[in-house]
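Here are a few exercises to work through at your own pace. Keep the viewer open, try each task, and then compare notes with the solution below it.

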Amino acid sequence: MNIRIDPRTLRRFILGKSGLWPGRRWQGKAGAAQAIRQIGAVQVDPLQIIARNHDLKLYSRVTDYSLADLDALLYTDRQFFDYGGLLHIYPMEEFPYWKLHMRRQQESEYWSAFATENARLIDEVRAALRTRGPLMQRDLTGNSLRNYYARKDSGLALVYLWRIGELMTTRRQRFERVYDFTENILPAQHLGSVTDSEAEAFFARKALDMHGLPTLTEWRGSFSYFTRHSVVPAQGKALLAALIDAGEAVQVQVEGRKDAFYLPVSDLTTLETVQAGSTPEAWTPHDSEAHAEVNFLAPLDPVSARGRAMKLFGFAYTWEVYTPAAKRRWGYYVLPILYGDTLVARADFRLDKPTKTLQILAFYLEDEALAHNEAFAAALARGLARFASFHAAQQVDLAGVAAPLRSAIESYRLFALSS
């Protein structure tokens with residue numbers, strides 16, 4: 001099957017598959033659950049300048065999303081769990097498949113050495129959990145460490161038990177993970193196991209599905225991470241060829257691109273609809289459409305992070321929080337701005353909690369002509385009004401936005417302005 005699409009179809013399909021185009025199609029807590037399952041994973045990051053990455057990612061896709069929704073889905077409803085070195089939130093029904101990853105973590109050089117050298121400590125941590133119930137790292141005494149995962153050896157023992165699947169996160173306290181035994185958290189219907197081959201087949205499909213239209217490199221990176229098994233390009237091609245031969249995937253060529261892209265067969269009709277210039281019925285927006293209201297993407301959003309913004313949109317984007325201040329090009333907490341099916345600008349945000357002010361410290365347009373576009377100014381004003389409301393900000397400081405765009409935004413009076 002020879003499938004060719006244009007770059008705009010590629011862009012719209014990936015945005016739509018991820019829930020960002022042609023607008024938000026989910027609502028509230030139930031919608032947040034739908035969004036996570038559709039996306040396949042939501043990356044968690046502790047840094048909070050305006051809101052945390054995972055909350056920003058759901059905000060950009062779910063109407064009326066609140067921070068309490070995700071906590072309820074994770075720790076009350078037990079529909080999802082957090083896991084991994086690259087910490088993500090996954091559907092709870094996937095847990096049996098992740099046992100493969102967990103076992104290979106346990107067998108890895110780093111964690112097997114830790115377990116051998118700290119067997120007594122690990123047993124003591126288990127005993128403390130049995131005696132005292134759920135614990136945080138701060139609840140345990142231990143020897144100091146200089147380690148990415150923990151500041152004490154006892155804390156690292158908790159992390160080890162979590163990474164190998166003996167523990168799960170039962171809740172968070174001031175965002176610190178509280179651990180408990182998996183059997184006390186995991187719903188009974190998910191306690192079973194699958195074979196290694198079943199797990200690898202599941203992750204092969206997941207890596208294909210969650211990227212929308214991945215290249216070999218993108219698919220291989222996710223599959224290798226999920227399975228804890230490094231896959232070289234030739235092996236990746238063979239595995240994808242097997243999916244194609246089995247009728248589960250097809251190869252797609254994009255005009256002007258040398259890389260091949262891969263698509264689950266189940267998404268073929270949706271891709272054809274997008275290619276025809278129509279909107280798939282399942283993607284119908286819940287409220288405003290992307291061309292009528294801009295959207296602010298999370299810094300680690302998979303449609304724009306890790307170089308994908310340049311590949312899909314020709315948009316240079318780097319999250320510069322870990323870049324030395326003197327070397328930053330855009331700012332500390334810059335978010336990409338989606339308008340329709342295109343990334344058109346970036347803004348450096350800060351939330352001043354004492355004054356409840358959402359501050360735009362800097363604002364950069366890709367095309368300065370947009371500064372004179374009334375439709376864009378209106379869409380930006382609507383997007384800022386929703387963004388301010390999400391952060392419980394009572395006013396917006398537009399100091400970083402240059403005239404005449406600032407004046408155009410101000411004219412809509414959709415939010416209070418700080419002086």
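**Exercise 1. Sort the lining of the largest pocket by residue class, then place the pocket in this predicted model.**

Solution. Start with the classes: the lining has 15 nonpolar, five polar and nine charged residues. Next comes the volume, which is about 920 Å³ for this largest pocket. Of its 29 lining residues, Pro46, Gln137, Tyr148, Tyr149 and Arg177 are the closest to the centre. Finally, look at the elements: α8 and β8 are those that give two or more residues to the lining.

**Exercise 2. Find which residues lie nearest the centre of the second largest pocket, and which element gives the largest share of its lining.**

Solution. The second largest pocket has a volume of about 560 Å³, and 21 residues line it. Nearest its centre lie His88, His211, Ser222, Pro302 and Arg306. Now turn to the elements: β6 (88-91), α10 (216-227) and α13 each supply at least two lining residues. The largest share is that of α10, with six residues. By class, the lining divides into 10 nonpolar, six polar and five charged residues.

**Exercise 3. Is Arg308 buried or exposed, and which residues does it touch beyond its sequence neighbours?**

Solution. First locate Arg308 in helix α13, which covers residues 308-313. Its relative accessible area is 6%, so Arg308 is buried. Then list its contacts, leaving aside neighbours within four places in sequence: Ile14, His211, Leu213, Glu218, Pro302, Val303 and Phe313. Two of these names may look familiar, as His211 and Pro302 are among the residues nearest the centre of the second largest pocket.

**Exercise 4. Work out how the buried residues of α7 are arranged around the helix axis.**

Solution. Begin with the geometry: α7 spans residues 119-132, 14 residues in total. From first C-alpha to last it reaches 20 Å, close to the 20 Å expected at 1.5 Å a residue. Its buried residues are Leu121, Ile122, Val125, Arg126, Ala128 and Leu129. Seen down the axis, these residues fall within an arc of 155 degrees, so they line one face of the helix. A general rule helps with the spacing: an α-helix has 3.6 residues a turn, so residues three or four places apart point the same way.

Now check both sides. The cover over the buried residues includes α6 (109-117), α8 (153-163), β7 (167-173) and β8 (176-181). The face turned away from the buried side carries the exposed residues Arg120, Arg130 and Thr131. After the helix comes Gly133, with a positive phi near 90 degrees.

**Exercise 5. Scan the backbone for cis peptide bonds and for residues with a positive phi that are not glycine.**

Solution. Recall the background first: most residues other than glycine have a negative phi, and most peptide bonds are trans. One cis bond joins Trp21 and Pro22, with omega about 0 degrees; Pro22 sits in the loop between α1 (7-17) and β2 (26-27). Another cis bond runs from Ala403 to Pro404, with omega near 10 degrees. Pro404 belongs to the loop between β15 (395-397) and α15 (405-410).

For phi, take Arg228, at about 55 degrees. Arg228 is in the loop between α10 and α11 (233-245) and is partly exposed, with a relative accessible area of 39%. Arg413 has a positive phi of about 50 degrees. This residue is in the segment after α15, and its relative accessible area of 65% makes Arg413 exposed.

Terms used. Residues numbered from 1 in each chain as written. Predicted model: local features only at pLDDT ≥ 70, side-chain atom pairs only at ≥ 80, totals over all residues. Heavy atoms only, no water. Helix = DSSP H or I, 4+ residues; strand = E, 2+ residues; numbered from the N terminus. Expected span 1.5 Å × (residues − 1). Buried < 20%, exposed > 50% of the residue type's maximum accessible area, 1.4 Å probe, protein only. Arc of directions from axis to C-beta. Contact = heavy atoms within 4.5 Å. 1 Å grid on protein atoms, 1.4 Å probe; cavity = no way out; pocket = protein on both sides within 12 Å on 5 of 7 lines; lining within 4 Å. Points joined across faces, edges and corners; volume = space filled by probe spheres on them. Nonpolar A, V, L, I, M, F, W, Y, C, P; charged D, E, K, R; others polar.
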